[in-house]
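Visitor: I would like a close look at the salt bridges in this structure, one at a time. Please then place them in the wider setting of the chain.

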Amino acid sequence: MSNPVAHSFVSSKLLQNENQWYKAENWLGKRYAELHPRNEDNTCFRILGYQWRTLRFNDDTRQSTAKVMAAYKESDPGSIFLMQEPHCLAVPYLKSMVSAGLASLSCNYDLLSSVYAKNTMKVLCIGHGGGSLPLFLASKIPGVIVDIVEIDPVVISASTQAMGFPSYSIMKQRGDLLHPKPTIIDEMLWKGVHGRLHLYESDAEEFITDRTHIYDMVFVDAYDGEDIFPHKLWDPDSVFLKALGERLHPDHGTVVVNLHSDMDIVDECILPMGKYVSQVCKAYKKVLLDDVGGICGSAFTVHVPWVCNTSLVVSRGFRNSTRDIIVNDLISKSLEVENILNVPFSCLEYVKRGLIFVD
(Lines give C-alpha, C1' and ligand atoms only; values in the text may rest on other atoms or scores of the structure.)
Protein backbone atom coordinates (compact mmCIF):
# COMPACT_ATOMS: atom_id res chain seq x y z
CA MET A 1 0.00 0.00 0.00
CA SER A 2 1.18 3.53 -0.71
CA ASN A 3 -0.27 6.97 -0.68
CA PRO A 4 -1.45 8.06 -4.14
CA VAL A 5 1.45 9.28 -6.25
CA ALA A 6 1.28 11.12 -9.53
CA HIS A 7 4.52 10.06 -11.15
CA SER A 8 5.22 6.36 -10.59
CA PHE A 9 7.35 5.25 -13.51
CA VAL A 10 9.36 2.29 -14.71
CA SER A 11 13.03 2.27 -15.66
CA SER A 12 14.79 -0.74 -17.12
CA LYS A 13 18.16 -2.35 -17.72
CA LEU A 14 18.65 -4.88 -20.49
CA LEU A 15 20.04 -8.32 -19.61
CA GLN A 16 22.17 -10.02 -22.27
CA ASN A 17 22.13 -13.83 -22.24
CA GLU A 18 20.73 -14.75 -25.66
CA ASN A 19 22.22 -18.25 -25.73
CA GLN A 20 19.66 -19.32 -23.08
CA TRP A 21 16.58 -17.80 -24.72
CA TYR A 22 15.78 -20.89 -26.79
CA LYS A 23 14.81 -22.75 -23.60
CA ALA A 24 12.10 -20.20 -22.82
CA GLU A 25 10.96 -20.20 -26.46
CA ASN A 26 10.59 -24.01 -26.39
CA TRP A 27 8.71 -23.82 -23.11
CA LEU A 28 6.27 -21.25 -24.50
CA GLY A 29 5.68 -23.42 -27.57
CA LYS A 30 4.96 -26.50 -25.44
CA ARG A 31 2.57 -24.55 -23.20
CA TYR A 32 0.69 -23.26 -26.24
CA ALA A 33 0.46 -26.78 -27.65
CA GLU A 34 -0.95 -28.07 -24.35
CA LEU A 35 -3.74 -25.51 -24.57
CA HIS A 36 -4.35 -26.16 -28.27
CA PRO A 37 -3.85 -29.92 -28.72
CA ARG A 38 -5.75 -29.96 -32.05
CA ASN A 39 -3.81 -27.08 -33.54
CA GLU A 40 -1.86 -28.55 -36.45
CA ASP A 41 0.34 -25.47 -36.87
CA ASN A 42 3.69 -25.50 -35.13
CA THR A 43 3.26 -22.18 -33.33
CA CYS A 44 6.61 -20.63 -32.42
CA PHE A 45 7.46 -17.91 -29.95
CA ARG A 46 10.47 -15.64 -29.86
CA ILE A 47 12.09 -13.89 -26.92
CA LEU A 48 12.75 -10.18 -27.36
CA GLY A 49 14.82 -10.03 -24.22
CA TYR A 50 14.96 -9.88 -20.42
CA GLN A 51 15.19 -6.72 -18.36
CA TRP A 52 15.51 -5.64 -14.77
CA ARG A 53 12.61 -3.23 -14.51
CA THR A 54 12.33 -0.82 -11.60
CA LEU A 55 9.15 0.84 -10.45
CA ARG A 56 9.92 4.22 -8.90
CA PHE A 57 7.99 6.80 -6.96
CA ASN A 58 10.33 9.51 -8.26
CA ASP A 59 13.95 10.03 -9.32
CA ASP A 60 15.22 9.19 -5.82
CA THR A 61 12.88 6.57 -4.35
CA ARG A 62 12.73 3.02 -5.74
CA GLN A 63 9.53 1.10 -5.07
CA SER A 64 10.33 -2.32 -6.47
CA THR A 65 12.47 -4.22 -8.98
CA ALA A 66 11.58 -7.27 -11.06
CA LYS A 67 13.06 -9.40 -13.81
CA VAL A 68 10.76 -9.25 -16.83
CA MET A 69 10.68 -11.31 -20.03
CA ALA A 70 9.34 -9.84 -23.30
CA ALA A 71 8.21 -12.23 -26.03
CA TYR A 72 5.94 -12.48 -29.07
CA LYS A 73 4.29 -15.03 -31.35
CA GLU A 74 6.41 -15.46 -34.49
CA SER A 75 3.35 -15.48 -36.77
CA ASP A 76 2.17 -12.20 -35.22
CA PRO A 77 5.13 -9.87 -34.48
CA GLY A 78 2.76 -7.33 -32.93
CA SER A 79 1.64 -9.77 -30.22
CA ILE A 80 4.16 -8.63 -27.62
CA PHE A 81 3.58 -9.76 -24.05
CA LEU A 82 5.46 -9.48 -20.77
CA MET A 83 6.03 -12.03 -18.02
CA GLN A 84 7.60 -11.31 -14.66
CA GLU A 85 9.95 -14.09 -13.58
CA PRO A 86 7.90 -15.63 -10.73
CA HIS A 87 10.76 -17.28 -8.80
CA CYS A 88 12.95 -14.18 -8.71
CA LEU A 89 13.10 -11.89 -5.66
CA ALA A 90 15.40 -9.14 -6.85
CA VAL A 91 15.93 -7.18 -3.63
CA PRO A 92 17.37 -8.50 -0.32
CA TYR A 93 14.55 -7.31 1.95
CA LEU A 94 12.01 -9.49 0.10
CA LYS A 95 14.23 -12.55 0.60
CA SER A 96 14.49 -11.62 4.28
CA MET A 97 10.71 -11.28 4.67
CA VAL A 98 10.03 -14.60 2.95
CA SER A 99 12.77 -16.48 4.82
CA ALA A 100 12.00 -15.23 8.33
CA GLY A 101 8.24 -15.29 7.78
CA LEU A 102 7.88 -18.79 6.37
CA ALA A 103 10.37 -20.24 8.87
CA SER A 104 8.31 -18.74 11.72
CA LEU A 105 4.98 -19.88 10.27
CA SER A 106 6.32 -23.41 9.80
CA CYS A 107 6.98 -23.76 13.52
CA ASN A 108 3.26 -24.50 13.99
CA TYR A 109 1.91 -24.91 10.45
CA ASP A 110 2.18 -27.73 7.91
CA LEU A 111 3.74 -25.83 5.00
CA LEU A 112 4.38 -29.04 3.06
CA SER A 113 0.63 -29.73 2.80
CA SER A 114 0.14 -26.31 1.19
CA VAL A 115 3.03 -26.93 -1.20
CA TYR A 116 1.24 -30.13 -2.28
CA ALA A 117 -2.06 -28.18 -2.45
CA LYS A 118 -3.65 -30.39 0.21
CA ASN A 119 -4.18 -27.37 2.45
CA THR A 120 -5.34 -23.86 1.52
CA MET A 121 -2.99 -21.22 2.87
CA LYS A 122 -4.44 -17.70 3.05
CA VAL A 123 -1.96 -14.83 2.69
CA LEU A 124 -2.53 -11.08 2.71
CA CYS A 125 0.01 -8.67 1.17
CA ILE A 126 -0.43 -5.03 2.13
CA GLY A 127 1.46 -3.07 -0.51
CA HIS A 128 1.94 -4.35 -4.05
CA GLY A 129 4.73 -2.54 -5.90
CA GLY A 130 5.68 -4.68 -8.88
CA GLY A 131 4.10 -7.76 -7.30
CA SER A 132 7.23 -9.90 -6.87
CA LEU A 133 6.38 -11.15 -3.37
CA PRO A 134 2.81 -12.40 -4.02
CA LEU A 135 3.86 -13.85 -7.38
CA PHE A 136 6.74 -15.72 -5.74
CA LEU A 137 4.44 -17.18 -3.07
CA ALA A 138 1.74 -18.24 -5.53
CA SER A 139 4.23 -19.90 -7.87
CA LYS A 140 6.13 -21.71 -5.11
CA ILE A 141 3.12 -22.78 -3.00
CA PRO A 142 0.29 -24.25 -5.14
CA GLY A 143 -2.08 -24.29 -2.15
CA VAL A 144 -1.75 -20.57 -1.42
CA ILE A 145 -4.34 -17.87 -2.15
CA VAL A 146 -2.94 -14.34 -1.95
CA ASP A 147 -5.02 -11.20 -1.41
CA ILE A 148 -3.08 -8.06 -2.33
CA VAL A 149 -4.04 -4.54 -1.25
CA GLU A 150 -2.71 -1.48 -3.07
CA ILE A 151 -4.16 2.01 -2.66
CA ASP A 152 -2.55 3.55 -5.74
CA PRO A 153 -4.14 2.71 -9.13
CA VAL A 154 -1.02 3.99 -10.91
CA VAL A 155 1.06 1.30 -9.19
CA ILE A 156 -1.45 -1.39 -10.17
CA SER A 157 -1.40 -0.24 -13.80
CA ALA A 158 2.40 -0.07 -13.88
CA SER A 159 2.80 -3.55 -12.41
CA THR A 160 0.44 -5.18 -14.92
CA GLN A 161 1.33 -3.14 -18.01
CA ALA A 162 5.09 -2.74 -17.57
CA MET A 163 6.27 -5.17 -14.85
CA GLY A 164 4.69 -8.37 -16.23
CA PHE A 165 2.32 -9.04 -13.32
CA PRO A 166 -0.82 -10.98 -14.45
CA SER A 167 -3.64 -8.51 -15.14
CA TYR A 168 -6.25 -11.24 -14.64
CA SER A 169 -5.67 -10.92 -10.88
CA ILE A 170 -7.19 -7.41 -10.68
CA MET A 171 -10.41 -7.36 -8.65
CA LYS A 172 -13.37 -4.99 -8.67
CA GLN A 173 -14.37 -3.18 -5.47
CA ARG A 174 -17.19 -5.64 -4.72
CA GLY A 175 -14.84 -8.60 -5.02
CA ASP A 176 -15.50 -9.80 -8.57
CA LEU A 177 -12.73 -10.25 -11.13
CA LEU A 178 -12.25 -7.26 -13.44
CA HIS A 179 -11.77 -9.61 -16.41
CA PRO A 180 -14.38 -12.40 -16.71
CA LYS A 181 -11.84 -14.94 -17.95
CA PRO A 182 -8.08 -15.14 -18.51
CA THR A 183 -6.61 -14.63 -21.96
CA ILE A 184 -4.87 -17.44 -23.83
CA ILE A 185 -1.55 -15.78 -23.04
CA ASP A 186 -2.44 -15.66 -19.31
CA GLU A 187 -3.23 -19.37 -19.34
CA MET A 188 -0.06 -20.15 -21.27
CA LEU A 189 2.24 -18.16 -18.99
CA TRP A 190 0.79 -18.80 -15.56
CA LYS A 191 -0.78 -22.30 -15.53
CA GLY A 192 -3.41 -21.25 -12.97
CA VAL A 193 -1.11 -19.18 -10.73
CA HIS A 194 -2.93 -16.01 -11.84
CA GLY A 195 -6.22 -17.42 -10.50
CA ARG A 196 -4.84 -17.54 -6.94
CA LEU A 197 -3.80 -13.88 -6.90
CA HIS A 198 -6.43 -11.27 -6.02
CA LEU A 199 -5.28 -7.68 -6.46
CA TYR A 200 -7.51 -5.04 -4.84
CA GLU A 201 -7.31 -1.27 -5.18
CA SER A 202 -8.13 -0.30 -1.61
CA ASP A 203 -6.97 1.40 1.55
CA ALA A 204 -5.45 -1.18 3.90
CA GLU A 205 -7.54 -0.13 6.90
CA GLU A 206 -10.80 -0.24 4.95
CA PHE A 207 -9.91 -3.60 3.42
CA ILE A 208 -9.01 -5.35 6.66
CA THR A 209 -12.07 -4.05 8.52
CA ASP A 210 -14.44 -5.13 5.73
CA ARG A 211 -13.12 -8.69 5.48
CA THR A 212 -14.02 -11.80 7.45
CA HIS A 213 -11.21 -14.01 6.13
CA ILE A 214 -8.74 -15.49 8.61
CA TYR A 215 -5.21 -15.19 7.28
CA ASP A 216 -2.37 -17.59 8.01
CA MET A 217 0.19 -14.98 7.04
CA VAL A 218 0.31 -11.22 6.42
CA PHE A 219 3.09 -9.25 4.74
CA VAL A 220 3.18 -5.48 5.27
CA ASP A 221 5.36 -3.38 2.95
CA ALA A 222 3.60 -0.04 2.86
CA TYR A 223 5.90 2.91 2.35
CA ASP A 224 4.74 5.93 0.38
CA GLY A 225 6.59 8.17 -2.08
CA GLU A 226 8.14 10.12 0.79
CA ASP A 227 9.56 6.87 2.24
CA ILE A 228 7.18 7.05 5.22
CA PHE A 229 5.38 4.13 6.87
CA PRO A 230 1.87 5.55 7.56
CA HIS A 231 1.25 6.05 11.27
CA LYS A 232 -2.20 4.47 11.15
CA LEU A 233 -0.58 1.17 10.13
CA TRP A 234 1.46 0.95 13.32
CA ASP A 235 -0.37 3.07 15.89
CA PRO A 236 -1.16 0.65 18.77
CA ASP A 237 -4.57 2.34 19.15
CA SER A 238 -5.40 2.20 15.44
CA VAL A 239 -8.41 0.51 13.89
CA PHE A 240 -6.06 -1.21 11.46
CA LEU A 241 -3.92 -3.06 14.00
CA LYS A 242 -6.94 -4.15 16.04
CA ALA A 243 -8.66 -5.50 12.92
CA LEU A 244 -5.44 -7.17 11.78
CA GLY A 245 -5.26 -9.02 15.09
CA GLU A 246 -8.81 -10.27 14.59
CA ARG A 247 -8.08 -11.48 11.04
CA LEU A 248 -4.88 -13.32 12.03
CA HIS A 249 -5.07 -17.07 12.72
CA PRO A 250 -4.99 -17.57 16.53
CA ASP A 251 -2.74 -20.63 16.52
CA HIS A 252 -0.05 -19.87 13.93
CA GLY A 253 -0.84 -16.49 12.36
CA THR A 254 2.36 -14.69 11.34
CA VAL A 255 2.87 -11.05 10.34
CA VAL A 256 6.02 -9.82 8.59
CA VAL A 257 6.69 -6.08 8.29
CA ASN A 258 9.35 -4.42 6.16
CA LEU A 259 10.87 -1.48 8.03
CA HIS A 260 13.45 1.07 7.00
CA SER A 261 15.96 1.82 9.72
CA ASP A 262 16.04 5.33 11.15
CA MET A 263 19.72 4.95 12.08
CA ASP A 264 22.84 4.60 9.95
CA ILE A 265 24.48 1.18 9.98
CA VAL A 266 27.78 1.32 11.81
CA ASP A 267 28.40 -2.42 12.05
CA GLU A 268 26.67 -4.75 9.59
CA CYS A 269 26.35 -7.39 12.31
CA ILE A 270 24.39 -5.05 14.58
CA LEU A 271 20.73 -4.39 13.85
CA PRO A 272 20.09 -0.64 13.48
CA MET A 273 17.19 -0.40 15.94
CA GLY A 274 16.36 3.29 16.16
CA LYS A 275 13.49 4.87 18.06
CA TYR A 276 11.04 4.71 15.15
CA VAL A 277 11.71 1.04 14.34
CA SER A 278 11.51 0.14 18.02
CA GLN A 279 8.12 1.85 18.37
CA VAL A 280 6.67 -0.01 15.41
CA CYS A 281 7.94 -3.35 16.72
CA LYS A 282 6.50 -2.80 20.19
CA ALA A 283 3.15 -1.70 18.76
CA TYR A 284 2.75 -4.86 16.64
CA LYS A 285 3.82 -7.13 19.50
CA LYS A 286 1.46 -5.41 21.96
CA VAL A 287 -1.64 -5.56 19.78
CA LEU A 288 -1.11 -8.94 18.09
CA LEU A 289 0.29 -10.85 21.08
CA ASP A 290 0.28 -9.16 24.46
CA ASP A 291 -3.26 -7.73 24.43
CA VAL A 292 -4.92 -10.93 23.23
CA GLY A 293 -5.99 -13.40 25.90
CA GLY A 294 -4.81 -16.97 25.48
CA ILE A 295 -2.45 -16.16 22.60
CA CYS A 296 1.11 -17.46 22.65
CA GLY A 297 3.85 -16.21 20.39
CA SER A 298 6.95 -14.13 20.00
CA ALA A 299 8.28 -11.17 18.01
CA PHE A 300 11.77 -10.57 16.66
CA THR A 301 13.64 -8.60 14.03
CA VAL A 302 16.37 -9.57 11.61
CA HIS A 303 18.76 -7.25 9.78
CA VAL A 304 18.63 -7.27 5.99
CA PRO A 305 22.11 -7.40 4.42
CA TRP A 306 23.43 -4.60 2.19
CA VAL A 307 20.47 -2.27 2.76
CA CYS A 308 19.04 -0.27 5.68
CA ASN A 309 16.02 -2.52 6.12
CA THR A 310 14.74 -4.53 9.04
CA SER A 311 12.25 -7.42 8.89
CA LEU A 312 9.89 -7.57 11.86
CA VAL A 313 8.23 -10.93 12.47
CA VAL A 314 5.32 -11.35 14.91
CA SER A 315 4.18 -14.96 15.09
CA ARG A 316 1.56 -16.78 17.15
CA GLY A 317 3.13 -20.10 16.19
CA PHE A 318 5.72 -20.24 18.97
CA ARG A 319 4.07 -22.25 21.73
CA ASN A 320 5.41 -21.34 25.20
CA SER A 321 9.02 -21.68 24.03
CA THR A 322 12.18 -20.18 25.45
CA ARG A 323 14.18 -17.89 23.22
CA ASP A 324 16.90 -20.49 22.74
CA ILE A 325 14.31 -23.03 21.58
CA ILE A 326 12.77 -20.48 19.21
CA VAL A 327 16.15 -19.73 17.63
CA ASN A 328 16.88 -23.43 17.18
CA ASP A 329 13.43 -23.98 15.67
CA LEU A 330 13.92 -21.07 13.29
CA ILE A 331 17.25 -22.44 12.09
CA SER A 332 15.76 -25.89 11.55
CA LYS A 333 12.65 -24.56 9.80
CA SER A 334 14.61 -22.18 7.56
CA LEU A 335 16.54 -25.16 6.18
CA GLU A 336 13.25 -27.00 5.74
CA VAL A 337 11.73 -24.06 3.83
CA GLU A 338 14.78 -23.96 1.53
CA ASN A 339 14.33 -27.64 0.67
CA ILE A 340 10.54 -27.65 0.37
CA LEU A 341 10.34 -24.59 -1.86
CA ASN A 342 13.69 -25.08 -3.62
CA VAL A 343 14.42 -21.38 -3.27
CA PRO A 344 17.43 -19.91 -5.13
CA PHE A 345 18.90 -18.35 -1.98
CA SER A 346 19.77 -19.37 1.58
CA CYS A 347 16.85 -18.80 3.95
CA LEU A 348 19.13 -19.59 6.87
CA GLU A 349 21.47 -16.70 6.03
CA TYR A 350 18.57 -14.25 6.22
CA VAL A 351 17.00 -15.75 9.36
CA LYS A 352 20.12 -15.78 11.53
CA ARG A 353 21.41 -12.31 10.57
CA GLY A 354 21.25 -9.99 13.58
CA LEU A 355 18.21 -11.64 15.16
CA ILE A 356 16.90 -9.62 18.13
CA PHE A 357 13.77 -10.35 20.16
CA VAL A 358 11.28 -7.54 20.75
CA ASP A 359 10.72 -6.92 24.45
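Which residue forms a salt bridge with Glu349, and how far apart are the closest N and O atoms?

Guide: The partner of Glu349 is Lys352, and the closest N and O atoms of this salt bridge are 3.4 Å apart. The model is a predicted one, and the distances and areas here are computed from it. On the Glu349 side, the relative accessible area is 37%, so Glu349 counts as partly exposed. Lys352 is partly exposed too, with a relative accessible area of 48%.

That pair is one entry in a longer list, for the chain has 11 salt bridges. Another of them joins Arg46 and Glu25, where the closest N and O atoms are 3.8 Å apart. The cut-off for a salt bridge is 4 Å, and the pair of Arg46 and Glu25 is counted at its 3.8 Å. Arg46 belongs to strand β2, which covers residues 45–56, while Glu25 belongs to helix α1, which covers residues 21–35. The two residues are 21 apart in sequence, and the pair links distant parts of the chain.

The two ends of this bridge fall into separate exposure classes. Glu25 has a relative accessible area of 17%, and a residue is called buried when that value is under 20%, so Glu25 is buried. Arg46, with a relative accessible area of 28%, is partly exposed. The bridge does not stand alone: Glu25, Arg46 and Glu74 are joined into one network by salt bridges that share partners.

A further bridge is formed by the side chains of Arg323 and Asp359, with an N to O distance of 2.7 Å. Arg323 is in helix α10 (residues 323–341), and Asp359 is in the segment after β12 (356–357), so this pair ties together parts that lie 36 residues apart in sequence. Asp359 is exposed, its relative accessible area being 65%. Arg323 is partly exposed at 43%.

Helix α10 also holds Ile340. The relative accessible area of Ile340 is 22%, so this residue is partly exposed. Leaving out residues up to four places away in sequence, Ile340 touches Leu112 and Val115. The C-alpha atom of Ile340 is 10.0 Å from that of Tyr116, although 224 residues along the chain separate the two.

Next, the interior on the α1 side. Leu28 is one of the residues that touch the most other members in the largest nonpolar core, which has 63 residues. Met69, Leu102, Met121, Val123 and Phe219 are named with Leu28 in that group. The largest share of this core comes from helix α2 (residues 92–105), which supplies 8 residues. Beyond its neighbours within four places in sequence, Leu28 is in contact with Phe45, Ile47, Met69, Ala71, Phe81, Met188 and Leu189. Another core, of 37 residues, lies apart from the largest one and has among its members Leu124, Ile126, Phe229 and Leu241. In soluble globular proteins, nonpolar side chains tend to be buried together.

Helix α2 has 14 residues and spans 20 Å from its first C-alpha to its last, close to the 20 Å expected at 1.5 Å a residue. Because 14 of the 14 residues of α2 are buried, the helix is largely enclosed by the rest of the structure.

Two loop residues deserve a look at their backbone. Most residues other than glycine have a negative phi. Lys191 is not a glycine, yet has a positive phi of about 50°. Its place is the loop between α6 (184–190) and β7 (197–201), and Lys191 is exposed, with a relative accessible area of 56%. Trp306 also has a positive phi, near 75°. Trp306 sits in the loop between β10 (298–303) and β11 (309–315). With a relative accessible area of 65%, Trp306 is exposed.

For the wider setting, the chain has 11 helices and 12 strands. Buried residues account for 56% of its 359 residues. Among contacts with a separation of 6 or more, 72% join residues 24 or more positions apart. The accessible surface of the chain is about 15,900 Å², and carbon and sulfur atoms make up 49% of it.

Notes. Residues numbered from 1 in each chain as written. Predicted model: local features only at pLDDT ≥ 70, side-chain atom pairs only at ≥ 80, totals over all residues. Heavy atoms only, no water. Helix = DSSP H or I, 4+ residues; strand = E, 2+ residues; numbered from the N terminus. Buried < 20%, exposed > 50% of the residue type's maximum accessible area, 1.4 Å probe, protein only. Contact = heavy atoms within 4.5 Å. Areas by Shrake-Rupley, 256 points an atom, 1.4 Å probe, with all protein chains shown as cover. Core = buried A, V, L, I, M, F, W, Y, C linked by side-chain atoms within 4.5 Å. Expected span 1.5 Å × (residues − 1).
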